[in-house]
Amino acid sequence: MITDSPEKVRKRMEELYDQYRAPLFTLAYQLTGSAADAEDAVQDVFFKAYEVRPERLKEPKAYLCKMVTNRCLDLRKSARRKREVYVGPWLPEPIRTPEADTLEAVVRRDLLSYGMLVLLERLTWAERAVFVLREALGFDYPEIAELTGKRETNCRMLMSRARSKLGISEEEPVVHDTVELEWVSRFLTSLEQGNVDHVLSLLSEDVILVTDGGGKVVAATSAIQTRNQVALILAGALHGLKSQGSLHSEFAPLNGETGIVLRSGDETVAAIFLQCRRGKFDRIYVVRNPDKLTRV
């Protein structure tokens with residue numbers, strides 16, 4: 001039996017890595033909510049792919065996606081145990097997505113949005129895998145069945161359940177309401193000026209504030225669901241951070257949208273995401289866990 005030379009194998013793997021790294025990272029990131037886990041999953045898969053016979057890689061996208069999906073399942077099992085002892089709410093790890101990022105060429109911006117990542121936490125593993133493979137990477141149901149080891153009818157049912165849990169009808173496209181930079185700027189300016197009344201005017205009656213400190217920095221250990229409390233807590237927290245040193249804020253392209261990044265000197269202290277509905281902010285996510293801010 002003729003086998004390829006190590007040099008030929010290496011070159012083929014490099015070509016596959018260059019071609020599929022971005023979509024595989026996106027798949028893993030949407031399955032785990034962790035950029036660190038996504039990077040580990042992709043690296044592990046390509047390391048193992050060196051041992052895969054060439055004939056099994058005739059359809060590399062499907063084969064590699066299956067490997068990544070299975071690897072992410074293992075990672076989710078270990079992550080579940082960590083979350084059982086996690087202090088306070090758990091939020092996904094934010095990532096920078098500048099306009100020129102290669103991710104934009106292979107995945108829809110809507111499904112990278114931070115709000116969508118938070119919503120995906122409502123799903124079971126099987127529902128999440130089917131939803132992401134279908135909506136983000138455009139696989140057909142027969143392909144998804146092959147990738148997940150399930151029957152096609154089961155995959156269709158899982159997709160229907162996923163959409164129902166996410167509040168998306170069968171015919172409705174998956175979209176994300178983009179918050180204009182002007183609105184984000186107005187909100188931040190009001191906070192920095194301590195104008196609580198104006199902050200209140202920008203919040204919906206049922207606004208929810210979720211902060212993730214991971215037990216490593218000061219953060220609320222449960223979601224805040226009262227509009228007055230949300231405004232006061234945000235204004236107070238910003239004032240408290242400012243009093244500790246030279247705090248400055250900036251707008252940054254995070255998860256395909258405009259996020260707010262707070263820095264103290266060279267240290268990133270928070271990433272803030274605003275979600276808008278009917279002209280008011282109804283969901284605010286604040287990531288303060290320093291372990292989740294390394295890519296911001």
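This is a short walk through the charged side chains of the structure above, starting at one aspartate and moving on to the salt bridges. Keep in mind that the model is a predicted one.

Let's start at Asp206. You'll find Asp206 in strand β1, which covers residues 203–212. Is Asp206 buried, partly exposed or exposed? With 40% relative accessibility, Asp206 counts as partly exposed, because that class sits between the buried limit of under 20% and the exposed limit of over 50%.

Now look at what surrounds this aspartate. Leaving aside residues up to four places away in sequence, Asp206 touches Arg277, Asp282 and Arg283. With Arg277 there is also a polar contact, side chain to side chain, at 2.9 Å. A polar contact of 3.0 Å links the side chain of Asp206 to that of Ser204. If you prefer to think in backbone terms, try Arg227: its C-alpha atom is 7.0 Å from that of Asp206, with the two positions 21 residues apart along the chain.

Two of the residues that Asp206 touches, Asp282 and Arg283, are worth a second look. Their side chains form a salt bridge with each other, at 3.8 Å from N to O. How do the partners fare for accessibility? Asp282 counts as buried, at 3% relative accessibility, whereas Arg283, at 22%, counts as partly exposed. The cut-off for buried is under 20%, so Arg283 at 22% falls in the partly exposed class.

Zooming out, how many salt bridges does the structure hold? The count is 20. One to pull up in your viewer is the pair Arg295 and Glu39, whose side chains meet at 2.8 Å, N to O. Arg295 belongs to the segment after β5 (280–287) and Glu39 to helix α2 (residues 35–49), so this pair ties together parts that lie 256 residues apart in sequence. As for accessibility, Arg295 is partly exposed at 25%, and Glu39 is partly exposed at 36%.

Another salt bridge joins Arg134 and Asp140, with 3.8 Å between the closest N and O atoms. Here Arg134 has a relative accessible area of 30%, so it is partly exposed; Asp140 has 43% and is partly exposed too.

Finally, not every salt bridge here comes as an isolated pair. Which residues are linked in a network of salt bridges? Arg76, Arg83, Glu121 and Arg128 are, so select those four together when you get there.

Technical notes:
Residues numbered from 1 in each chain as written. Predicted model: local features only at pLDDT ≥ 70, side-chain atom pairs only at ≥ 80, totals over all residues. Heavy atoms only, no water. Helix = DSSP H or I, 4+ residues; strand = E, 2+ residues; numbered from the N terminus. Buried < 20%, exposed > 50% of the residue type's maximum accessible area, 1.4 Å probe, protein only. Contact = heavy atoms within 4.5 Å. Polar contact = N/O pair within 3.5 Å; in protein donor to acceptor, adjacent residues only side chain to side chain.
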